[in-house]
Amino acid sequence: MPAALAGMREPEQTGGIAVKPYRWQAGDSRMADTVHTWVPDLQRARAKTSTRSKLDKFIRQRSTIAFLMCLPLMLIIASLVIYPAFYSIYLSMLNKAQTRFIGLGNFRFLLSRDVFWMVVQQSAIFALSAVFFKAFIGLITAHLINNLPAKGQRKWRGMLLVPWVIPLALSSLGWWWLFDPTHSAFNWILAAFGFNEIPWLSDPYWARFSVILVNVWYGAPFFLIMYLAALKSVPEQLYEAAAIDGANAWQKFVHITLPMMRNIIAITVLFSLIVTFANFDIVQIMTAGGPRNMTHVFATYAFMLGIRSGDLPLGAASSLFMFPILAIAAVFILRGVRKRGREIG
Amino acid sequence: MSYTRVSRRTALKTAALSSVAAITAPYISGVYAAGSLTLGCWDHWVPGANNTLTKLCNEWGEKNKVQVHIDYITSQGEKDKLTAAAEAQAGTGHDIMSHRDWNIRIHENLLEPLDDIIAQLIKQNGPISPVAEYLAKIKGTWRGVPTTVGSQVKPCQSRFDLYNEQCGVDLVDMFPADESKYDKAKTDKWTWDLYLDCAQKLHKAGYPVGLPMGQTSDAVDWVGAFFKSYGVVFIDEKDQIRINSDETRKALEYLKKLMAVNPPEVYAWDDAGNNRWIISGKGSGIMNPPSSWAVAKRDNPKVAEKIWHHPMPKGPKGRFVGQLPQFYGLWSFSKNKSAAKDLLLSISQRTSVAQLVEASFGYDLPSFKSLYDLPTWKQVGPPVGTTYSYPLRGDEETSMAGAPARSEVGAQIYNQAINTVMVSKFTQGNEKLDDVIKWAENELEGTLRA
C-alpha cells in the first residue's frame, strides 16, 4: 500500500478523534515503507482532520443547509425570472431590428402615443378597481367564514377556493362563453325573463366591466384565504377584553381586527396589484384588447406590439412601463410592513 | 494454444473506442444520407388537410433520402408567430417555418433569399399575386415562398336563397360556376350600393349580414378591400399620410349606414364570430374563405346547401378582395438549405398544389392565378360549384390592408387594426368624422417610426 494512502486513511478510520499509530508487523512486504513515513503522514493527517472537521462543521450549519436547499429554487428564479427581466430591459432599449442601442427611445415614443395613454388609463382602472373589489369581497367572506361553526368552515373554504384553483386560461374561456357576443348564456337567461340583452363584450364599457368582473371572481379567493389566516391569528383575548369594555362589532373590527390585519392587507394588496397590472390571460381571451382598443392592458398591448406587429423592443418597453411605479410602491408598502412588524415585536 | 487475458478495463476501453469509431465513421448510403429537415407548419383548420402535406413531404424525403419531420403549430392564440419569434431570438429551431401575413417582413434579416425558387415558379405558372410580392419580396429579394396551404382570400359568402327572396338578387345567375358565363352587364351591378340596399332589406327581414368590426384579420381584410375599392389610401409609398381625403369621408359615411344594419356584436367578433353567424342560419352573408361553409356542411347542412361564394361588390375604384397569403421561410441558421429549397420547389408544383387544394375542399389557395383552373373549386358541393368563385374571377383584384405603404409601415397599420378601429370610432363610438380622421392621422404618424 502506498504510504501516502496509508497515512490518509488512518485518521478517517478513527473518525478524526484519536489517532493511534499503527505499526506494521515484521515480514509484511509493505511494512518497511510504511514505518519510515508514518510520523510525517500522521501530522499531515492531523492537519487534514482539522480541515475536514471545519468543512464538516460548515456543511452541518443550519444556514448552509438552508442555502443548499434553496439553491435549486434560486437557480430557477435566476434563469427564468431575473435573466428574462434584465433581458427585457436590455431589449426595450434596442431599435426594432434589434441592431442598435437607442436608450429610452422606445419609452419616449410610447409616451407620445394616444393609444398608449389609453392603455395606461385602462390598466389603472382595471388593476385598481379589481384589487379593491377583490380585497373587499375577500374581507367580507373571510369574516363570514370565520364566524361559521368550525365544522362547516372547511366545506365553505374549499368551495370558495375553486375559482382560484382552476387554471385561469380555462376559466376565462368559460366566462367568454357566458359573455359570447352572439350566443351569451347570460343574455339567454335575461331574454327568458323579458329583459334586454346586454352587449357584454361588444360595448367597450361593458367589456371593461366584464374583464374586471372575471378578474375579481378569480382573485377574490386569494384574499379570502389570506384574510382568513390573518383573522385566525388575532388573539381571542383582545375581543373578550373589548367586549368587557362594551365595544360593539364595528368597534371591534375597526380597533382590533383591522390594525392586526394591516400587514397582511398591505402585502396582499401589493402582491395582487403587481399580478393584476401584469394580467394577460383574461383580457386576451375575452376581448383581445377590443373593442376600439378600449380593454387593452399593458400585457395585451405589449403582445400586440411585440408579437403581432413584430416590434419586440417596443413591446418590451410597453410591458416594463409599470415596473418603476410598482417597484416604488413595493418599497413603501414593505417599509410600512417592516415598521409595523417592529412595533408589534 | 495461448490465450491473451483481457482485463475488464481493457474490454471497456476497447468497447468505447469502437463506439466512437462507429459514430464518427463516414456514412455510406442509407435512408438519411442527405441529412434531415424539420418544418414548422401552420396547423390546418380543415380536418385531415395536414395529412396531405405530410404525405407530399415524406414522398419527397424518401426519394431524396432525407428524413423530414413536420411540427404542425396552431395559429390559435398566435402560437405559430410566438414560435417563429422564439426561434428568431434563439437562432435555432426548424429549417423551414411557415409565416402568416407580415411575418416574412418581421423576420426578413434571418430568412434566406429564395429568388431562385420564385423565378422557377413564375416561369412555370406565370405572374404571382401582387399581395404575395408586396409581403415577401423585400428590397428586391424574395424571402418567402407563397404556400398553397392556408393562403386565402375573403370574398362574399352569401345565402343565395335569402338574397333571392328578400332582395330579388340572383347571385348564382350573376356569378355562375363558370367564368366564361359571367355577364359583365350583370356583374357590374354588384356594387357596394347594391350591397347596402340588400343588407338593409335582409336586416329588415331578420337575417342581417355579419361583417366583423373587431381587430382581427377577417375584419381588417374586408375593411381593407372596401377602402381600396373606394380609393382610400392610409399612407402612400413615399411615407405621405393620405387618410385625410374625400375618399375616406365618403367611405366612412357609407360604412355608418352599412354597420347600422349589422348585428351590434360584430364589434366584438373574433375570426370565428362571422363563421358562427352564417352557420347558425341567422345571417345572410359574411366575407370569408369556405371554412365556414365546410363546417356548416357538417353542423347545419341545410344552411350549407344555400351558401354561394362570389366576388366582392364593386366600388368607385374597382372590385377588391382581401387576400391573406402564407409563406414558407427558410431560416438562415438552417443546416440543410439546399435540401430545404428542393422540398419547397417540390411542394409548390402543380400536382402537389392540386392535392393540397383537394384536401382542404378548396380552402387553400395558391398565389398563381394560372392554378385557379384546378377542378376542386368546380366540383365540391353542395351546392355544386359553390366555391368556384372563391378564387379570383372576373374583374376582381386582391388587396392588402396597409398597402401601398412600405411593408414595415403596412405591417403596423394592419396589426394594430387602425382601419377597423377608425371605423368603430365613427360607427359605434359616434365620434365626429374629423376627430376620427385626426386620430387616424396621429396613429399613422406613429407607424412611420417603423
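At what angle do helix 5 of chain A and helix 9 of chain A pack, and how far apart are their axes? I started my notebook with that one, and I kept in mind throughout that this is a predicted model.

**Entry 1: two helices of chain A**

I looked up the pair and found an angle of about 40°, with the axes 6 Å apart. Helix 9 covers residues 204-232 of chain A, and helix 5 of chain A covers 114-146. An angle that is neither under 35 degrees nor within 65 to 115 nor over 145 counts as oblique, so helix 5 of chain A is oblique to helix 9 of chain A. I also checked the hand of the crossing of these two helices, and it is right-handed. Then I sorted the residues of the contact between helix 5 and helix 9 of chain A: 18 are nonpolar, six are polar and two are charged.

**Entry 2: chain A as a whole**

Next I stepped back to see the rest of the chain. I counted 15 helices in chain A and zero strands. Chain A has 345 residues, and 30% of them count as buried. I then turned to contacts in chain A with a separation of 6 or more, and 65% of these join residues 24 or more positions apart.

**Entry 3: where chain A touches chain B**

How many residues does each chain bring to the contact? I found 25 from chain A and 33 from chain B. On the chain A side, helix 5 and helix 13 (298-308) each supply at least two residues. So which helix of chain A gives the most? My note says helix 13 of chain A, with three residues. The chain A side of this contact is made up of 12 nonpolar, eight polar and five charged residues.

**Entry 4: helix 5 of chain B**

Chain B has its own helix 5, at residues 115-125, and I went through it by burial. Which of its residues are buried? I found Ile117(B), Ile118(B) and Leu121(B). Looking down the axis of helix 5 of chain B, I saw that the buried residues fall within an arc of 95°, so they line one face of the helix. On the other side of this helix, Asp116(B), Ala119(B) and Lys123(B) are exposed.

I wanted to know what covers the buried residues of helix 5 of chain B, and the list includes strand 5 (141-142), strand 6 (145-146) and helix 16 (337-347) of chain B. My last look was just past the end of helix 5 of chain B, where Gly126(B) takes a positive phi of about 90°.

Key. Residues are numbered from 1 along each chain as its sequence is written. Chains are lettered from A and ligands numbered from 1 in the order in which they are written. This is a predicted model: local features need pLDDT of at least 70, side-chain atom pairs count only at pLDDT 80 or more; totals for chains, interfaces and linings use all residues. Helices (H or I, at least four residues) and strands (E, at least two) are DSSP runs, numbered from the N terminus. A residue is buried if 20 or more other C-beta atoms lie within 10 Å of its own, exposed if 12 or fewer, and partly exposed in between; C-beta atoms are placed from the backbone. Two residues are in contact if their C-beta atoms, placed from the backbone, lie within 7 Å. Ala, Val, Leu, Ile, Met, Phe, Trp, Tyr, Cys and Pro count as nonpolar, Asp, Glu, Lys and Arg as charged, and the others, Gly among them, as polar. Axes are lines fitted to C-alpha atoms, for helices over the stretch in contact, and angles run from 0 to 180 degrees between N-to-C directions. A crossing is left-handed if the near helix is turned anticlockwise from the far one by less than a right angle, and right-handed if clockwise. The arc is that of the directions from the helix axis to the C-beta atoms.
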